[in-house]
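Work through the exercises below with the model open. Each task is followed by its solution.

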Amino acid sequence: MNHLLTAPLLLATLAAAQPPPGTPQVKAAVMTEAQLLPLLTGELLILGSEFPGRLFQKTVLERLKAGTLRVRVLTGKGSLAYFAPVQQAGGVVRAFPGRITGAVAVAGGSLIVARGAGYQVVSGPGVAASVQSQFESAWRFAK
Amino acid sequence: MRALTALTLACCVACAGAQNIPGLTTVPGLPTLPALPGVRDVWGGSTPTLPTLPVLPPMPSLQNVDPSLLTGTRNDPPPTYTRRNVFSFPDERLGVLARGKWPILEVINVEQQAEWQKNAAACRQQQQGKTPAGGTVSCPQYEWTVPLSLESESKDAATGIRRAWQRFEDRYWWRAQTNLNNTSMVPVHCWLGLGMGALDTSPATVRTTVDRSDVPEVLASRIPTSTPENNLHLDSYWPLPQVPPGDFCDGLHWKVNLMYLPGGCTYIFGVRTFCLQGNDTVTGPGVAPIYFNMGEAQDRVFDAMQHAATMYYPQYQADALAEMLPPRRRGLFMLPWNSHLPGQGAMVAPVMNQDVSLTQFTDLAQRAGDALGDVYRPTSPLYYFQSVKRLPALDVFSLPGRKDLLGSPPGVWKFEEFKRTLGPSNPAYYDLFGYATWFQTWNQLDAAILPEPLSARPLRTLTFFAGAIDHYVDFSGVHEVPVPTGVLVPPYHLPFLNYRVHYTWTSVPEGYDIPRVSGTPAFDYGPVVR
């Protein structure tokens, strides 16, 4: 009985989660640290108190020094020391006078969120732009 | 009476001079008083009749009084009475009520009376236009006439005084809140006029109060004392103005400058991933704006506070005064004693009603007898009802060794002081029982955080209505959802520090000091009532 009910319910849930045909889709994927590296081109925005990942951090600093990546970090006052290497490597780090909870990065047109051991990468129309617009308005009030 | 020249009080207030009310550039003066209306005009066309005492309650007989009490072993010296302002009933005026005229009281300034009597012979000569042998002497006026007013009118005046305060409080709040949220609220409240429509003021309750300082210290624990409960606040608090838009929108310009940038949270597939917000204290579902122009917000609030102090406060004082005077009050004859200004006494009026019930007098006899005990217990009803039947048992208070009657104002002072607990009655009973109830109003310095009822504070916290924008990312794209957030703006609640008009009813035994008044009355109703 239970199985009979569960299968249609699951199907219905999946169907509901599908976007209506014709609309541009948002894509989400869980990536390893190494899979992130190709996204690090152009400009990287980091928003939050810290952004984990030894390989990720090392690559960011290398590309920053090499001039192939621009980095802006918006963080809290207490996390300026954490991001000091970024600043030394030529990135711009500013402290936001308000409060930031959580941490995200925007790079290569995608939104990157650290989740456990991996990273959730979300891309699609408006996703990166939406976060970037919030970043920019807060950036104006950061020092 | 009607033909009598109208009298003006304004000069009396002007000469009272001295202490002004802060925030008032011009003190509201007392307007011209018309001649007194006839009693019938105010009493709904009927001619009132004076009541006579109905069947008396049963009195204890002398046999019930313990003879040892009657011999009086206790010595009850009265406290030192410093009488300043007292009143008395001129007997011949009581009957005039039935002829459609107002009964009166005579009020006396004891000090000035003493001065006049010191020079009595010379003063009489001066009155006749002669110069006394010893030269001109000081003969101050010491007696003034005041008509009895209607209790119902004093109740209306008290309600009006509350309404005047309520109007001020609502105007003050809505000015501040509307100016703070100028961009969104000026169109809604000032242009559209969205509001409750009117103040809903419940009628004041007539209740006599006895201040602790009104009675001698030795009786303070026996006479129940009370303080005036004016409840100077709105009867109910609403999220909409109760006063009309014109009351708080005057001179309010619409401003559209940038006040804030919305903060917000981003949810990715339903999980809150990050939030950006400012540090301001907020209320509501949204987070604080990432930028909020607190300086401008506070300026707007302070502008409104300034406006209320300079524009609305004087109007409050004028509103309150108008509630006590003609043309608003036709049967209330306030006596400024010596004025309505702070620290300068009170406005007073003895008030009467048509109540013929004796219950409060029999209750008084019981209450006073129980509280005083001793010889006072059996003699209490005999004392209070002595105008009906004078019983020899009361001679106990003039026995050798007793001092109840000596050195005090008229009567047995302990019994007399208990009359302060009586409520208003009709003029015949006032005369028989030797007291009168006075309606009093005065300005009192109050420091308050508005609104005073704590339960109303959440609705009256200075709040800038902002918005936050939350972003929801799911497979169909990015959705922006505006959510309301309220930024709390210091000082959060509106302060008030100034004089407020208070009122009470207070009963005074004939010949005993009238509380709260000071100096001499600014006005004599004598010429208009005689």
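**Exercise 1. Chain B in outline**

Task: State how many helices and strands chain B has, and what share of its residues count as buried.

Solution. Chain B has 13 helices and 17 strands. The model is a predicted one. Next, burial: of the 530 residues of chain B, 43% count as buried. Then look at contact range. Take the contacts in chain B with a separation of 6 or more; 78% of them join residues 24 or more positions apart.

**Exercise 2. Two domains in chain B**

Task: Give the bounds of the domains of chain B and describe the contact between them.

Solution. Domain 1 covers 7–84 + 148–255 + 294–451 + 493–529, and domain 2 covers 260–292 + 461–488. Nine residues from domain 1 of chain B and six residues from domain 2 of chain B make up the contact. On the domain 1 side, α6 (151–180) and α8 (294–322) of chain B each supply at least two residues. That side divides into five nonpolar, four polar and no charged residues.

**Exercise 3. The largest nonpolar core**

Task: Find which residues have the most contacts inside the largest nonpolar core, and explain why this core lies between the two domains of chain B.

Solution. Start with size: the core has 155 residues. Val348(B) and Ala349(B) have the most contacts inside it. By element, α6(B) gives the most to this core, with eleven residues. Now the location. Both domain 1 and domain 2 of chain B give residues to this core, so it lies between them.

Zoom in on Val348(B). Leave aside neighbours within four places in sequence. Val348(B) is then in contact with Met334(B), Leu335(B), Trp337(B), Trp438(B), Phe439(B), Gln440(B) and Val517(B).

**Exercise 4. Where chain B meets chain A**

Task: Count the residues in contact between the chains, and say which element of chain B gives the largest share of its side.

Solution. The contact joins 22 residues of chain B to 28 residues of chain A. On the chain B side, β8 (264–268), β9 (271–277), β15 (463–474) and β16 (477–488) each supply at least two residues. The largest share, five residues, comes from β9(B). By type, the chain B side holds twelve nonpolar, nine polar and one charged residue.

Now check for strand pairing. Strand β5 (residues 99–107) of chain A pairs with β9(B) in the antiparallel sense, over four bridges. Within this pairing, Ile100(A) has Leu276(B) as its bridge partner.

**Exercise 5. A strand of chain A**

Task: Decide whether β1(A) is well covered or hardly covered, then name the strand it pairs with.

Solution. Strand β1 (residues 27–31) of chain A is hardly covered. None of its five residues is buried. Pairing comes next: β1(A) and strand β7 (residues 118–123) of chain A run antiparallel over five bridges. In β7(A), Val121(A) is the bridge partner of Ala29(A).

**Exercise 6. Classify Pro85(A)**

Task: Is Pro85(A) buried, exposed or partly exposed?

Solution. Place the residue: Pro85(A) is found in helix α4 (residues 84–88) of chain A. Count its surroundings: 14 other C-beta atoms lie within 10 Å of Pro85(A). Apply the cut-offs: buried needs 20 or more, exposed 12 or fewer. Pro85(A) is therefore partly exposed. Finally, a distance: the C-alpha atoms of Pro85(A) and Leu61(A), 24 residues apart along the chain, are separated by 7.7 Å.

**Exercise 7. Confidence in chain A**

Task: Give the mean pLDDT of chain A, and state what the pLDDT is over residues 1–21.

Solution. The mean is 82, and 83% of the residues of chain A reach 70 or more. Over residues 1–21 of chain A the pLDDT is below 50. Beyond near neighbours in sequence, this stretch has four contacts in the model.

Key:
Residues numbered from 1 in each chain as written. Chains lettered and ligands numbered in written order. Predicted model: local features only at pLDDT ≥ 70, side-chain atom pairs only at ≥ 80, totals over all residues. Contact = placed C-beta atoms within 7 Å. Nonpolar A, V, L, I, M, F, W, Y, C, P; charged D, E, K, R; others polar. Pairing = 2+ DSSP bridges. Domains from an automatic or database assignment. pLDDT = per-residue confidence, 0-100. Core = buried A, V, L, I, M, F, W, Y, C linked by C-beta atoms within 7 Å.
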